[in-house]
Amino acid sequence: MHPNHNPQRPAQRAVEVHQPTPIPPPAVHPAPVVPVQPGTVPTVASIVLPNGRVVTGYAIDPARPEPVAAKPAVSRAAVNVALGGVGFLAVCGGLLLLTSFIAALTAFVAQLVILAAVVFGGWIAVQGLGTSGGSSGTTVHIRRAVFKRNHFHG
């Protein structure tokens, strides 16, 4: 039911329909870039999108990178000389380390020889000065209770 409880039909209103007027798309050309001096107000630009909408805003100048200076060509001979110098330095350093290693190895072997001489000399001294089974000295056999003493004859 109708809110005013009137059994009659409501009056019909006239409806006006508006059709949008299409804007033809602009020719696709890059927008000219206008340099903007610092301190000035940039101009306002309007762009018509393909769907018919219009976008308005400030034109921004894209940042351009600095041009790269051309590198001078390096000759192949210069590269070969530089690589040869690096190789020579590496070999010299390796030889220096090799001579240091040989000197250390020589000192180590000399110390091993000295240690072996000391140990072997000590073993010989113990064998020569140790007790020999001869008649000199005192022999004590506890289990048999035999005591043998040196006899000094004058």
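**Note on a predicted single-helix chain**

1. A nonpolar patch of about 1100 Å² lies on the surface of this predicted model. The residues that make the patch are V91, L95, L98, F101, I102, L105, F108, V109, L112, V113, L115 and V119. One of them, L115, has its place in helix α1, which covers residues 76–129.

2. On the overall fold, the secondary structure of the chain amounts to 1 helix and 4 strands. Read from the N terminus, the order of these elements is β-β-α-β-β.

3. On confidence, the chain has a mean pLDDT of 75, with 64% of its residues at 70 or more. Among the elements, helix α1 has the highest mean pLDDT, at 89. The lowest mean, 52, belongs to strand β4, formed by residues 146–148. The reader may wish to keep these values in mind when viewing the model.

4. On burial and surface, the chain has 154 residues, and buried residues make up 0% of them. The accessible surface of the chain is about 15200 Å². Carbon and sulfur atoms account for 67% of that surface.

5. On contacts along the sequence, those in the chain with a separation of 6 or more were considered. Of these, 11% are between residues 24 or more positions apart.

6. On aromatic pairs, a search of the whole structure returns 1. The pair consists of F120 and W123, whose ring centres are 6.0 Å apart and whose planes meet at 25°; the pair is therefore stacked, since planes under 30 degrees apart count as such. Both residues belong to helix α1, and because they are 3 residues apart there, about one helical turn separates them.

7. On strand β2, which spans residues 54–58, the residue to note is Y58. Is Y58 buried or exposed? Its relative accessibility is 55%, so Y58 counts as exposed, the cut-off being over 50%. The C-alpha atom of Y58 is 5.8 Å from that of A45, although the two residues are 13 residues apart along the chain.

How values were computed. Residues are numbered from 1 along each chain as its sequence is written. This is a predicted model: local features need pLDDT of at least 70, side-chain atom pairs count only at pLDDT 80 or more; totals for chains, interfaces and linings use all residues. Side-chain values use heavy atoms; hydrogens and water are left out. Patches are made of residues with over 30% relative accessible area and no salt bridge: like charges are joined within 9 Å, nonpolar side chains (Val, Leu, Ile, Met, Phe, Trp, Tyr) within 5 Å. Accessible areas come from the Shrake-Rupley method with a 1.4 Å probe; for residues, only the protein chains shown count as cover. A salt bridge is a side-chain nitrogen of Lys or Arg within 4 Å of a carboxyl oxygen of Asp or Glu. Helices (H or I, at least four residues) and strands (E, at least two) are DSSP runs, numbered from the N terminus. pLDDT is the predictor's confidence in each residue, from 0 to 100. Buried means under 20% relative accessible area, exposed over 50%, partly exposed in between (1.4 Å probe, protein chains only). Contact means heavy atoms within 4.5 Å. Rings of Phe, Tyr and Trp (its six-membered ring) pair if their centres lie within 6.5 Å; planes under 30 degrees apart count as stacked, over 60 as edge-to-face and the rest as tilted.
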